[in-house]
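Got your viewer open? Let's take a walk through this model, one selection at a time.

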Amino acid sequence: MKFFIDTANLDQIREAQDLGILDGVTTNPSLMAKEGIKGRDAIFEHYKTICEMVDGPVSAEVLGTTFDEIVSEGKELAKIHEHIVVKVPMIKEGIKAIKWFTDNDIKTNCTLVFSAGQAILAAKAGATFVSPFLGRIDDSNWDGVQLIEEIVGIYNAQGYMTEVLAASIRTPLHIVRCAAAGADVCTCPLPSILGLLKHPLTDLGLQQFLKDAATMK
Ligand code: G3P
């Protein structure tokens, strides 16, 4: 399973990159707004900086909702850097646009996916990635990881090439369960990635090893 970081914060991207396990980045308008980025030039410049930091796909979301708006924005975003993947919402116009991008060799990430039916449409349109938001499904009292399992099962049965990108990750356990479910990619906030490191027995064990090592000096 590939590890993407779900943030537009450069320090967090650098920290995940320093770990040596980072395969890509996803952003969305809320994450970009959180960084205080305003205006087309600043947005494009920020995407360029991220693309130069990471050797892998960087999802940049369109803001328009009509076919023409999505296609024209996506074409501009794709020109920023070869790492850019155009992130498109799961709406009727979005699916039409994803098909257009597929036919024109532009990579896409179909976002805001909450059902297997939506994931089938994204794959039929040729999306490079599909992003089911499992944390938000959990928030509404359903099991988000079950949706990941269902989509992985359908894609395997049908031979769809679209990669399942588990999004809206909230905990380290989400990452573990997505790996078990066969997700191709997990996009995670930094604390969830770092949470994978933690185990009290590791800390206790290391403490003891260091104590014993000190007696050998
Ligand atoms: O990038 C999309 C997704 O990961 C959003 O996560 O935590 O806002 O539901 P969240």
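How far is an oxygen atom of the ligand from an N or O atom in the side chain of Asp6? Select both and check: the distance is 2.4 Å. Keep in mind as you go that this is a predicted model.

**Stop 1: around the ligand**

Stay with the ligand and bring up its surroundings. Asp6, Asn28, Lys87, Phe133, Arg136, Ala167, Ser168 and Arg170 surround it. Now pick out Asn28: an N or O atom of its side chain lies 3.1 Å from an oxygen atom of the ligand. Do the like for Lys87, where the side-chain N or O atom and a ligand oxygen are 3.3 Å apart.

Go back to Asp6 and look for its protein partner. The side chain of Thr26 makes a polar contact with the side chain of Asp6, at 2.7 Å. Thr26 belongs to strand E2, and with a relative accessible area of 1% it is buried.

**Stop 2: from E2 into E3**

Thr26 has brought you to E2, so color residues 24–26 and then add strand E3, residues 58–61. The two strands pair in the parallel sense, over two bridges. Click on Val25 and you'll find its bridge partner in E3, Val58.

Which way do the side chains of E3 point? Val58 and Ala60 go one way, Ser59 and Glu61 go the other, and all of them are buried.

**Stop 3: on to E4**

Next, select strand E4, residues 84–89. E4 runs parallel to E3, and four bridges join them. Val58 turns up again here, standing opposite Ile84, while Ser59 has Val85 as its bridge partner.

To follow the chain between these two strands, show helix H4, residues 67–80. E3, H4 and E4 together form a right-handed β-α-β unit.

Is E4 buried or exposed? Six of its six residues are buried, so the strand is largely enclosed by the rest of the structure. Ile84, Val86 and Val88 point to one side, and Val85, Lys87 and Pro89 to the other. You've met Lys87 already, as one of the residues around the ligand.

**Stop 4: across to E5**

Add E5 to the view. Four bridges connect E4 with E5, and these strands run parallel too. For a landmark, find Pro89, which stands opposite Thr111 in E5. Helix H5, residues 92–103, completes another right-handed β-α-β unit with E4 and E5.

Just past E5, select Ser115, in the loop between E5 and H6. Ser115 is partly exposed, with a relative accessible area of 28%. Try drawing a line from its C-alpha to that of Gly24: the two residues are 24 Å apart in space and 91 residues apart in sequence.

**Stop 5: rings and a charge**

Time to show the aromatic side chains. How many aromatic pairs are there? The count comes to four. One of them joins Phe114 and Phe133: the ring centres are 5.6 Å apart and the planes meet at 65°, so the pair is edge-to-face. Phe114 sits in the loop between strand E5 and helix H6, Phe133 in the loop between strand E6 and helix H7, and 19 residues separate them. Phe114 is partly exposed at 35% relative accessible area, whereas Phe133 is buried at 7%.

Then jump to Tyr155 and Tyr160. Their ring centres are 5.5 Å apart with the planes at 90°, so this pair is edge-to-face. Tyr155 is buried, with 3% relative accessibility, and Tyr160 is partly exposed, with a relative accessible area of 23%.

For a ring with a charge instead, select Arg40 and Phe44. The charged end of Arg40 sits over the ring of Phe44, 4.2 Å from its centre.

**Stop 6: E7 and its neighbours**

Finish at strand E7, residues 163–166. Glu163 and Leu165 lie on one side, Val164 and Ala166 on the other, and all four are buried, which leaves both faces covered.

Which residue of E7 stands opposite Phe129? That's Glu163. Phe129 marks the E6 side, where two bridges join E6 to E7 in a parallel arrangement. Now show strand E8, residues 185–188, which pairs with E7 in the parallel sense, again over two bridges. Ala166 stands opposite Cys186 there. Last, select helix H9, residues 172–181: with E7 and E8 it makes a right-handed β-α-β unit.

Note on methods. Residues are numbered from 1 along each chain as its sequence is written. This is a predicted model: local features need pLDDT of at least 70, side-chain atom pairs count only at pLDDT 80 or more; totals for chains, interfaces and linings use all residues. Side-chain values use heavy atoms; hydrogens and water are left out. Rings of Phe, Tyr and Trp (its six-membered ring) pair if their centres lie within 6.5 Å; planes under 30 degrees apart count as stacked, over 60 as edge-to-face and the rest as tilted. Buried means under 20% relative accessible area, exposed over 50%, partly exposed in between (1.4 Å probe, protein chains only). A charge sits over a ring if NZ of Lys or CZ of Arg is within 6 Å of the ring centre and within 35 degrees of the ring normal. Two strands pair if DSSP finds at least two bridges between them. A crossover is right-handed if, with the strands pointing away from the viewer, the path from the first strand over the helix to the second runs clockwise. A residue is near a molecule or strand if one of its heavy atoms lies within 4 Å of it. A polar contact is a pair of N or O atoms within 3.5 Å; within protein, one must be able to donate a hydrogen and the other to accept it, and residues adjacent in sequence count only if both atoms are side-chain atoms.
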